[in-house]
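Q: Please take a close look at the surroundings of the ligand in this model. Which residues and which elements form the shell around the ligand?

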Amino acid sequence: MIDSGVLDRAGRRVTLRPVDDDNWRAVADVAPRDDQRVWVAALAARYLLLTTRSEVWTSLAVYADETVVGHVMWGVDDDGSRWIGGMVVDAAEQGSGIGRATVVTLTDWLAAQDGGRHPVRLSYHPDNVAAARLYTALGFVPTGATEDDEIVVELVARTGDA
Ligand SMILES: CC(C)(COP(=O)(O)OP(=O)(O)OC[C@H]1O[C@@H](n2cnc3c(N)ncnc32)[C@H](O)[C@@H]1OP(=O)(O)O)[C@@H](O)C(=O)NCCC(=O)NCCS
């Protein structure tokens, strides 16, 4: 379990846990809002299939206390950069601080794996206002690169880090 002690706005502890025999159905059922499906998969099930077919990505279940509320995955690129992908907070749980808690928890953990030597990167569509605000607020800055139609951003040292 990855636990940085971050709470959502309801006071629930947000943790990231392996996808296992008990929680995979709940993770697969995580769904964004219908209008967000232009940017992300309609169900987290797509990302779970991707991680079973890929040696790069690892899926994690996002929990608020003991409830599955989202999916996120991480991977390491050939250049050593850490990547976050497949970030979806279930539609019913959005706007409660879970997305922010998830990114903070995962970036802290990824940085701890390699002493912060490599940047953490991700990409989002420029029209995805919620994603843009979330990642910008956490200190991600554009690398200048794009992937498909998405902006690549990176976090070198999160605000507040030594
Ligand atoms: C992007 C996403 C993960 C944010 O998760 P969340 O739990 O709703 O986000 P939080 O409640 O932690 O909010 C964090 C910040 O995101 C931004 N944000 C969240 N929802 C927003 C909205 N509807 N409109 C504008 N900004 C929004 C805000 O800056 C917010 O900070 P604030 O509340 O201090 O203003 C969520 O909207 C989601 O799952 N979207 C669909 C999938 C997706 O787009 N994933 C990202 C692909 S890279």
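A: The following account takes up the ligand site and then turns to the aromatic pairs. The model is predicted.

The ligand occupies the space that forms the largest pocket. Around the ligand there are 20 residues, and those that come nearest are Arg9, Met87, Gly97, Gly99 and Asn128. Sorted by class, this shell consists of 9 nonpolar, 8 polar and 3 charged residues.

Several elements of secondary structure take part. Two or more residues of the shell come from each of strand E4 (82–89), helix H3 (98–113), strand E5 (120–124) and helix H4 (129–137). The greatest contribution to the shell is that of H4, which supplies 4 residues.

Individual polar contacts can be described for both side chain and backbone. The side chain of Arg9, one of the residues that come nearest, has an N or O atom 2.6 Å from an oxygen atom of the ligand. Met87 also belongs to the residues that come nearest; here a backbone N or O atom is 2.8 Å from a nitrogen atom of the ligand. In Ser96, a polar backbone atom lies 3.2 Å from an oxygen atom of the ligand. As to burial, the ligand taken alone exposes 910 Å², of which the protein buries 76%.

Helix H3, which gives residues to the shell, also takes part in an aromatic pair. The count of aromatic pairs comes to 3. One of them is formed by Trp74 and Trp109, with 5.2 Å from centre to centre and 70° between the planes. Planes over 60 degrees apart count as edge-to-face, and the Trp74–Trp109 pair is accordingly of that kind. The two residues belong to distant parts of the chain: Trp74 is in strand E3 (residues 67–76) and Trp109 is in helix H3, 35 residues apart.

Conventions:
Residues are numbered from 1 along each chain as its sequence is written. This is a predicted model: local features need pLDDT of at least 70, side-chain atom pairs count only at pLDDT 80 or more; totals for chains, interfaces and linings use all residues. Side-chain values use heavy atoms; hydrogens and water are left out. A residue is near a molecule or strand if one of its heavy atoms lies within 4 Å of it. A polar contact is a pair of N or O atoms within 3.5 Å; within protein, one must be able to donate a hydrogen and the other to accept it, and residues adjacent in sequence count only if both atoms are side-chain atoms. Accessible areas come from the Shrake-Rupley method with a 1.4 Å probe; for residues, only the protein chains shown count as cover. On a 1 Å grid over the protein atoms alone, a cavity is a set of points where a 1.4 Å probe fits but cannot get out, and a pocket is an open set with protein on both sides within 12 Å along at least five of seven lines; lining residues have an atom within 4 Å of a point. A molecule sits in a cavity or pocket if more than half of its atoms lie within 2 Å of its grid points. Ala, Val, Leu, Ile, Met, Phe, Trp, Tyr, Cys and Pro count as nonpolar, Asp, Glu, Lys and Arg as charged, and the others, Gly among them, as polar. Rings of Phe, Tyr and Trp (its six-membered ring) pair if their centres lie within 6.5 Å; planes under 30 degrees apart count as stacked, over 60 as edge-to-face and the rest as tilted.
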